[in-house]
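Work through the exercises below with the model in view. Try each task before you read its solution.

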Amino acid sequence: MKVVDSFGNAASYATTRLKARAHRKYIAQHATELSHLPSGEDRYQAALYFADEMVNAYQIRQWYEPFRQLAEHVPTVVITRLPATALALREECPLPVYFAPAIEDVERLVDTQDLRSVFYVNQNIRNFQMMRFNKPWHVFICHGESEKAYMWSNQLKAYDYVFSAGQAASDRLTKHLRNFDVMTRTFPVGRPQIDVEYLAPYSLNESLPTVLYAPTWEGDRPSMNYGSVRSHGMSLVDALIKDGGFNLIFRPHPRSGINSAEYRAAVQSIRDKLQLADSTASARFLFDDTAHWGWQWAKADVCITDISAVAYDFLATGKPMFVTTPISADATLIDSPALARVPALAQEDAVNVPTLARQAMAERNLELAEVVAYYFGDIQPGASMGRFIDASLQLIRGDGASGQ
């Protein structure tokens with residue numbers, strides 16, 4: 001019998017039972033730490049809630065640093081509900097982790113702490129177990145910006161406030177949500193992740209500009225066939241290697257090749273090309289499969305991506321970007337005001353990426369700057385992080401207020 005464990009991996013039933021037993025034993029050994037609740041002035045006032053499995057940890061990882069900075073102002077904790085997640089976050093998260101497997105454990109935290117605001121990164125059904133408590137403000141912060149219907153889900157009405165990216169999000173909510181006062185229930189905070197100083201796991205040739213190529217996967221149906229590895233990737237990687245004037249970070253989607261052996265083979269072929277070129281060139285040619293997403297934004301001068309959430313992540317930096325044009329006639333083209341104004345990269349233009357990248361870095365794209373301002377507001381260094389901290393403290397130290 002095959003099952004999927006809490007990390008999203010296939011495992012036998014017996015193996016999963018053994019892992020669960022090991023988790024319980026380890027948690028028992030660290031019970032004091034994982035169930036610790038401070039007293040006095042150290043009592044928690046803010047909480048980042050994550051009831052999910054580690055397969056979705058990318059959703060909370062991007063919020064580590066903003067909440068670490070918030071913790072410099074008020075005591076802050078991460079609340080998690082699953083044993084494997086509690087153990088993993090204990091190792092990697094810079095904030096204290098409180099393991100609350102049962103609702104009684106959640107009640108103990110609420111009863112003993114000075115909890116003012118709880119923040120949610122997704123719509124896990126267990127969010128509602130936390131949201132039964134009336135005292136803290138419940139704030140949805142999401143895990144990125146996009147045009148997906150998820151961004152205007154009717155579930156947003158359950159939260160007291162929504163931290164949104166900017167005017168685009170406000171317009172989106174106004175258009176799609178009924179009986180929801182956007183002006184009083186949302187705080188535009190931009191994208192605080194762009195104000196984080198990320199430690200890159202690789203060294204680059206700092207004398208050269210860097211291109212980030214971050215394609216999506218092949219999709220699980222024809223309408224989602226946006227992946228460009230086979231159509232654009234081989235040509236643009238060859239062109240950048242031949243040019244030699246750019247570092248290249250190739251970060252394919254982790255699901256690449258799950259449904260297509262040809263797509264998987266193309267990813268592996270690019271990986272082999274990069275490893276061979278990196279061994280002899282002065283530029284760095286990197287295959288990136290690191291867990292954390294964010295350091296790539298800081299290091300890249302230009303991004304090439306597909307129709308995906310990566311486009312919105314990089315858009316917030318204000319740096320030049322190209323979005324590939326899908327070659328599949330079945331791929332659904334998303335109606336996005338942002339992506340409609342970002343330069344497109346056709347398949348036949350992939351060989352010209354070095355020239356296009358240099359032109360993009362040399363020219364200030366005023367139209368793109370307008371799009372960035374519409375989606376994220378002020379992206380000057382520190383502006384987004386400042387808005388996030390200010391909005392959080394306004395709720396934590398006050399009695400709630402109008403957002404905009």
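Buried means under 20% relative accessible area, exposed over 50%, and partly exposed in between, with a 1.4 Å probe and protein chains only. This is a predicted model: local features need pLDDT of at least 70, side-chain atom pairs count only at pLDDT 80 or more, and totals for chains, interfaces and linings use all residues. Residues are numbered from 1 along each chain as its sequence is written, and side-chain values use heavy atoms, with hydrogens and water left out.

**Exercise 1. Cysteines**

Task: Find how many disulfides the structure holds, and say why cysteine 93 is in no such bond.

Solution:
- Step 1. Set the rule: a disulfide is a pair of cysteine sulfur atoms within 2.5 Å.
- Step 2. Check cysteine 93. Its closest cysteine sulfur belongs to cysteine 142 and is 18 Å away, too far for a bond.
- Step 3. Check cysteine 142. Its nearest cysteine sulfur is that of cysteine 93, 18 Å away, and cysteine 142 is in no disulfide.
- Step 4. Give the count: zero disulfides.
- Step 5. Add the surroundings. Cysteine 93 is buried, at 9% relative accessible area. Cysteine 142 is buried too, at 6%.

**Exercise 2. Salt bridges**

Task: State how many salt bridges there are. Then describe the pairs of glutamate 72, aspartate 114 and arginine 341.

Solution:
- Step 1. Recall the principle: side chains of opposite charge can pair when their charged atoms come close.
- Step 2. Apply the cut-off. A salt bridge is a side-chain nitrogen of Lys or Arg within 4 Å of a carboxyl oxygen of Asp or Glu. The count comes to 17.
- Step 3. Take glutamate 72. Its side chain meets that of arginine 68, with N to O at 3.1 Å. Glutamate 72 is exposed, at 57%. Arginine 68 is partly exposed, at 30%. A network of salt bridges links Glu65, Arg68 and Glu72.
- Step 4. Take aspartate 114. It forms a salt bridge with lysine 135, at 3.3 Å from N to O. Aspartate 114 is in the loop between α6 (103-112) and β6 (117-120), and lysine 135 in the loop between α7 (127-130) and β7 (137-140). The two are 21 residues apart, so the pair links distant parts of the chain. Aspartate 114 is buried, at 13%, whereas lysine 135 is exposed, at 55%.
- Step 5. Take arginine 341. It pairs with glutamate 370, with the closest N and O atoms 2.9 Å apart. Arginine 341 lies in the loop between β14 (321-324) and β15 (344-345), and glutamate 370 in helix α15 (366-376), so the salt bridge ties together parts 29 residues apart in sequence. Arginine 341 is partly exposed, at 32%.

The helices (H or I, at least four residues) and strands (E, at least two) named here are DSSP runs, numbered from the N terminus.

**Exercise 3. The nonpolar core**

Task: Which element gives the most to the largest nonpolar core?

Solution:
- Step 1. Define the set: buried Ala, Val, Leu, Ile, Met, Phe, Trp, Tyr and Cys residues joined through side-chain atoms within 4.5 Å.
- Step 2. Find the members with the most contacts. The largest core has 37 residues, and Leu48, Phe67, Leu70, Leu89, Phe119, Ile141 and Phe163 touch the most other members.
- Step 3. List the elements that supply at least two residues each: β3 (46-50), α4 (64-70), α5 (83-92), β5 (97-99), β8 and α16 (383-397).
- Step 4. Pick the top contributor: α16, with seven residues.

**Exercise 4. The cavity**

Task: Describe the largest cavity by volume and lining.

Solution:
- Step 1. Define it. On a 1 Å grid over the protein atoms alone, a cavity is a set of points where a 1.4 Å probe fits but cannot get out; lining residues have an atom within 4 Å of a point. Points are joined across faces, edges and corners, and the volume is the space filled by probe spheres set on them.
- Step 2. Count: there is one cavity of 30 Å³ or more.
- Step 3. Give the volume: about 200 Å³.
- Step 4. Name the lining. It has 21 residues, and Ile141, Gly144, Phe163, Ser164 and Ala165 are the closest to the centre. β8 (161-164) and α8 (167-176) each give two or more residues.

Technical notes
On a 1 Å grid over the protein atoms alone, a cavity is a set of points where a 1.4 Å probe fits but cannot get out, and a pocket is an open set with protein on both sides within 12 Å along at least five of seven lines; lining residues have an atom within 4 Å of a point.
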